[in-house]
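Visitor: I'm new to looking at proteins, and I'd like to know how the labels get decided. Can you walk me through one?

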Amino acid sequence: MRDMGQIRNIVILTGAGISAESGIDTFRSEGGLWEQHRVEDVATPEGFARDPDLVLRFYDMRRAAIQTKQPNPAHYALARLDNEWPGELLIVTQNVDDLHERAGAKRVLHMHGEHLTAWCPSCDIRSPWRAPLMDRPPCPVCQARTLRPDVVWFGEMPYRMGEIYAALRTCDLFVSIGTSGAVYPAAGFVQNAVELGAETLELNLERSQGSSMFHETRLGPASELVPQWTQEMLR
Ligand code: APR
């Protein structure tokens, strides 16, 4: 791995694994969300059109659940790195929870949306949202009763891809934390980073699908690996 002294710009990709130790279910682990629910039913526009009640109930339960969870040492370590790192830094998260922000991170981009906002397709405005959507509350802006979870479903375009690719183009280090590498475009970021000459590091409980593409992989729980790594970066 390149001398850490040469690293100035960092892009960090996080996935469900970073929030696992906060008690939030991952998707593809044994007993994970996608074993309990069919992706087609609860995470596609077609599923929503077919059975909106089922989909709204699913996200209402998850929105309520994350509000009872707390950031873990991995979120706090990244927040500290974000606050103290003098170069460019971007945390691109696939997670729809707000644990990075609650730990104090500022430079966070939610590429798959957020549980705590609701999107109104009628006026195309996103509003902060903590309550259920099941009872079809009116949009606070246009009053239409069309609010839906502000979560990117399969078949929909992830958010802010231009900003993400711009950050990848200028990063010296790309770090992937707690993601299985099963879902594109996020799973392809490591290849972009390698092709553009960045160092790449994976921190995960087990090898991800794209693990061989990383210059270095460290295996273990995020609550241990992430604080160790951020400590090295801030030394
Ligand atoms: N520490 C580190 N890694 C962990 C931990 C932990 N404590 N617990 C689990 N992991 C790892 C798993 O080994 C797995 O590789 O986190 C990864 C979680 O993978 P997924 O459940 O597939 O979650 P993610 O990669 O974030 O999924 C991507 O898929 O369904 C979509 O939109 C959803 O954003 C999500 C996307």
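Visitor: What makes Glu 84 and Arg 80 a salt bridge?

Guide: Keep in mind that this is a predicted model. The closest N and O atoms of Glu 84 and Arg 80 are 3.2 Å apart. A salt bridge needs a side-chain nitrogen of Lys or Arg within 4 Å of a carboxyl oxygen of Asp or Glu, so this pair makes the cut. A search of the whole structure turns up twelve salt bridges.

Visitor: Where do Glu 84 and Arg 80 lie?

Guide: Both sit in helix α6, which covers residues 73-84. They are four residues apart, about one turn of the helix.

Visitor: On to the ligand. Why does Glu 206 count as having a polar contact with the ligand?

Guide: A polar side-chain atom of Glu 206 is 3.0 Å from an oxygen atom of the ligand. The cut-off is 3.5 Å for a pair of N or O atoms, so the contact counts. Backbone atoms join in too: a polar one of Ala 16 is 2.8 Å from a ligand oxygen, and a polar one of Ala 222 is 2.8 Å from a ligand nitrogen.

Visitor: How much of the ligand does the protein cover?

Guide: On its own, the ligand has 740 Å² of accessible area, and the protein covers 93% of that. The space the ligand takes is the largest pocket.

Visitor: Which residues are closest to the ligand?

Guide: Phe 27, Arg 28, Trp 34, Thr 179 and Ser 180, out of 22 residues that surround the ligand. That shell splits into nine nonpolar, ten polar and three charged residues.

Notes: Residues numbered from 1 in each chain as written. Predicted model: local features only at pLDDT ≥ 70, side-chain atom pairs only at ≥ 80, totals over all residues. Heavy atoms only, no water. Near = heavy atom within 4 Å. Polar contact = N/O pair within 3.5 Å; in protein donor to acceptor, adjacent residues only side chain to side chain. Areas by Shrake-Rupley, 256 points an atom, 1.4 Å probe, with all protein chains shown as cover. 1 Å grid on protein atoms, 1.4 Å probe; cavity = no way out; pocket = protein on both sides within 12 Å on 5 of 7 lines; lining within 4 Å. Sits in = over half its atoms within 2 Å of the grid points. Nonpolar A, V, L, I, M, F, W, Y, C, P; charged D, E, K, R; others polar. Helix = DSSP H or I, 4+ residues; strand = E, 2+ residues; numbered from the N terminus.
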